[in-house]
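Happy to walk through this one with you. Below are a few questions about why certain labels apply, each with the reasoning behind it.

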Amino acid sequence: MSARRADALRTAVALAYREADAAPRVVAKGRGLIAEEIIAKAREHGVYVHESPELVSLLSQIDLDQHIPPQLYIAVAELLAWLYRIERGEPLPAPTLSLPAET
């Protein structure tokens, strides 16, 4: 996921999920050149990049290799379900994610 901020620096957070995990984990995050590299690597490997400044802001607060908190389960599940349907060829508009208020 990525977002552009007013200062024009892109911010990116990468999530990974394995069946053995209790929830998705933050596996990479960064701003500026690091964010651009995260996004480039994702696209290079066929990983969809979703732009959601609100979700990126919340995910950026999570330490690397940590699971996302339960407050973000619904939003991330909505995004994953949408991605699954897109991969199956269903033409869908980007989802409106159910995000908690920032703390």
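**Why these labels?**

Q: Why is Trp82 called buried or exposed, whichever applies in this predicted model?
A: Trp82 has a relative accessible area of 9%. Buried means under 20%, so Trp82 is buried.

Q: What makes Tyr48 and Trp82 an aromatic pair, and of which kind?
A: Their ring centres are 5.3 Å apart, and the cut-off for a pair is within 6.5 Å. The planes meet at 70°, and over 60 degrees counts as edge-to-face, so the Tyr48 and Trp82 pair is edge-to-face. The structure holds 1 aromatic pair.

Q: Why does this pair tie together separate parts of the sequence?
A: Tyr48 sits in the loop between α1 and α2, whereas Trp82 belongs to helix α3, so the pair links parts that are 34 residues apart in sequence.

Q: How do you know whether Tyr48 is buried, partly exposed or exposed?
A: The relative accessibility of Tyr48 is 43%. Partly exposed falls between under 20% and over 50%, so Tyr48 counts as partly exposed.

Q: What is notable about the phi of Asp65, and where does this residue lie?
A: Asp65 has a positive phi of about 65° although it is not a glycine. Asp65 lies in the loop between α2 (53–59) and α3, and at 47% relative accessibility it counts as partly exposed.

Q: Which residues are closest to the centre of the largest pocket?
A: The largest pocket holds about 570 Å³ of space. Of its 25 lining residues, Leu15, Val47, Tyr48, Leu80 and Leu83 are the closest to the centre. The lining divides into 19 nonpolar, 4 polar and 2 charged residues, and its largest share, 6 residues, comes from α3.

Methods
Residues numbered from 1 in each chain as written. Predicted model: local features only at pLDDT ≥ 70, side-chain atom pairs only at ≥ 80, totals over all residues. Heavy atoms only, no water. 1 Å grid on protein atoms, 1.4 Å probe; cavity = no way out; pocket = protein on both sides within 12 Å on 5 of 7 lines; lining within 4 Å. Points joined across faces, edges and corners; volume = space filled by probe spheres on them. Helix = DSSP H or I, 4+ residues; strand = E, 2+ residues; numbered from the N terminus. Nonpolar A, V, L, I, M, F, W, Y, C, P; charged D, E, K, R; others polar. Buried < 20%, exposed > 50% of the residue type's maximum accessible area, 1.4 Å probe, protein only. Phe/Tyr/Trp six-rings, centres within 6.5 Å; stacked < 30°, edge-to-face > 60°.
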